[in-house]
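These are my notebook entries on a single chain, written as I looked things up residue by residue and helix by helix.

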Amino acid sequence: MDLDGRRESTNVEDRRGMSGGAKAGLGGGIMGIIIALVAMFMGGGDLGSVLGQMGQITMQPSTDNNGEPVEFTAEEQELAKFSKQILGGTEDIWAQIFEQQGLGEYKDPKMVLYSGSTSTACGQGQAAMGPFYCSGDQSLYLDLSFFMSMKQQLGADGDFSYAYVIAHEVGHHVEYLTGVLQQIHSKMARYGQGSAQANKESVRIELLADYLAGCWAHYDNKRFGSVQDGDLEEAIDCAQKIGDDYLQKRAQGYAMPESFTHGTSQQRMRWFKAGYQTGDVKRGINSAMQLDYSQL
Ligand SMILES: [Zn+2]
């Protein structure tokens with residue numbers, strides 16, 4: 001996949017080298033508290049919420065626990081740049097798709113790069129969970145070590161596979177913007193978290209995200225000719241390798257809590273391909289919503 005000259009997204013928060021959200025919050029220090037107090041007196045609002053917001057704003061990237069700058073390997077820096085370029089590309093492509101397909105206005109999600117664990121509006125994010133999307137703060141959370149372990153443990157090398165993983169998370173954001181995610185989440189809440197029905201609904205969300213990643217690939221390829229020989233197979237191979245049944249077989253030593261709720265490798269491959277072939281968002285949403293339980 002050729003990304004030469006592509007812009008990097010500016011909607012990226014780099015929290016790498018910071019351990020967890022609590023510590024990050026303390027990074028605000030005395031200046032942060034003064035700023036918070038000033039903000040409180042000027043803008044009203046209670047101290048708790050101002051400090052809470054401050055925790056988000058004052059996180060200082062690229063320092064370790066002693067305030068020393070963190071050294072990133074060339075590979076990590078390359079992956080960070082690549083991720084920012086891919087996200088930037090999804091912003092352009094999805095803005096175009098939303099306009100052309102009458103889906104309203106596309107609002108960019110945020111991407112948070114972190115290492116180990118970090119606080120999110122959806123609770124504490126852990127690298128072991130793999131990349132995920134949190135609708136509470138409309139952010140993608142990405143620990144780049146996931147890509148490294150993808151390489152080592154899944155043997156799924158290649159940049160298009162990484163792009164596909166990011167596009168899948170952006171797919172969840174599109175589900176949020178179109179209201180599909182909220183609809184299914186409230187269904188899941190009614191069924192009860194972890195129940196068989198809720199897990200089936202989760203498969204619906206995941207297959208649709210794969211389909212939407214395919215839509216992205218469809219338009220990205222149209223605009224940039226970005227999909228090279230072997231790329232599609234590579235991404236599909238990756239989808240296959242991170243499918244539930246496959247992961248289940250290889251479960252020893254590889255933790256992915258959501259692994260039972262993503263659909264089988266074959267399903268994921270089929271949905272990604274369908275999105276890539278049609279680029280038709282509404283059609284994908286309708287199909288996903290209409291799948292009956294025996295198909296999930
Ligand atoms: Zn997902």
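**Entry: Gln 101.** I began with the burial of Gln 101, bearing in mind that the model is a predicted one. The relative accessible area of Gln 101 comes out at 16%, so I list this residue as buried. I placed Gln 101 in the loop that runs between α4 (74–100) and β2 (110–114). I then looked up its polar partners: the Gln 101 side chain is in polar contact with the side chain of Tyr 219 at 3.1 Å, and it also reaches the backbone oxygen of Gly 279 at 2.8 Å. Leaving aside residues up to four places away in sequence, I noted that Gln 101 touches Tyr 219, Gly 279, Asp 280, Val 281 and Lys 282.

**Entry: helix α4.** From the loop I moved back into helix α4, where I looked up Ala 80 and Ser 83. Ala 80 has a relative accessibility of 3% and therefore counts as buried, and Ser 83, with a relative accessible area of 0%, is buried as well. For Ala 80 I recorded a C-alpha to C-alpha distance of 7.3 Å to Leu 144, although 64 residues separate the two in sequence. For Ser 83 I recorded 7.4 Å to Ala 163, again between C-alpha atoms, with a sequence separation of 80 residues. Not counting residues up to four places away in sequence, Ala 80 touches Arg 16, Leu 113 and Leu 144, while the contacts of Ser 83, counted with that exclusion, are Met 111, Leu 142, Leu 144, Phe 147 and Ile 166.

**Entry: the zinc site.** Which residues coordinate the zinc ion? I found His 168 and His 172, each through NE2, and Glu 206 through OE, at 2.0 to 2.1 Å. Read along the chain, the donors follow the spacing H-x3-H-x33-E. Because His 172 lies in helix α6 (residues 159–177) and Glu 206 in helix α8, this pair ties together parts of the chain that are 34 residues apart in sequence. I also checked the burial of these two donors, and both His 172 and Glu 206 are buried.

**Entry: α6 against α8.** Since the zinc donors had led me to these two helices, I looked up how they pack. The axes of α6 and α8 are 7 Å apart and make an angle of about 115°, and the crossing of α6 past α8 is right-handed. Among the residues making this contact are His 168 and His 172 of α6 and Glu 206 of α8, together with others including Phe 160 and Tyr 164 of α6 and Leu 212 and Trp 216 of α8. Sorted by class, the residues of the contact of α6 with α8 are 12 nonpolar, three polar and three charged.

**Entry: α8 against α11.** I then followed α8 to helix α11 (residues 265–278), where the two axes come within 6 Å and cross at roughly 35°. Here, too, I noted a right-handed crossing, with α8 passing α11. The residues in contact include Val 203, Leu 207, Tyr 211 and His 218 on α8, and Arg 268, Trp 271, Phe 272 and Tyr 276 on α11. The contact of α8 with α11 is made up of 11 nonpolar, seven polar and two charged residues.

**Entry: Arg 204.** Still in helix α8 (residues 196–224), I stopped at Arg 204. Is this arginine, Arg 204, buried or exposed? Its relative accessibility is 4%, and Arg 204 therefore counts as buried. A polar atom of the Arg 204 side chain lies 2.9 Å from the backbone oxygen of Ala 288. Ala 288 also appears in the contact list of Arg 204, which, without residues up to four places away in sequence, holds Ile 184, Ala 288, Met 289, Gln 290, Leu 291, Tyr 293 and Leu 296.

**Entry: Gln 138.** Most residues other than glycine have a negative phi. I therefore flagged Gln 138, whose phi is near 45°, a positive value in a residue that is not glycine. Gln 138 sits in the loop between β5 (132–134) and β6 (139–142), and with a relative accessible area of 25% I list Gln 138 as partly exposed.

**Entry: the whole chain.** Lastly I looked up the totals. The chain has 12 helices and six strands, and of its 296 residues 49% count as buried. Of the contacts between residues at least 6 apart in sequence, 73% join residues at least 24 apart.

Definitions and conventions
Residues numbered from 1 in each chain as written. Predicted model: local features only at pLDDT ≥ 70, side-chain atom pairs only at ≥ 80, totals over all residues. Heavy atoms only, no water. Helix = DSSP H or I, 4+ residues; strand = E, 2+ residues; numbered from the N terminus. Buried < 20%, exposed > 50% of the residue type's maximum accessible area, 1.4 Å probe, protein only. Polar contact = N/O pair within 3.5 Å; in protein donor to acceptor, adjacent residues only side chain to side chain. Contact = heavy atoms within 4.5 Å. Donors = N, O, S within 2.8 Å, 3.2 Å for Na, K, Ca; no water. Axes fitted to C-alpha atoms, helices over the stretch in contact; angles between N-to-C directions. Left-handed = near helix turned anticlockwise from the far one by under 90°. Nonpolar A, V, L, I, M, F, W, Y, C, P; charged D, E, K, R; others polar.
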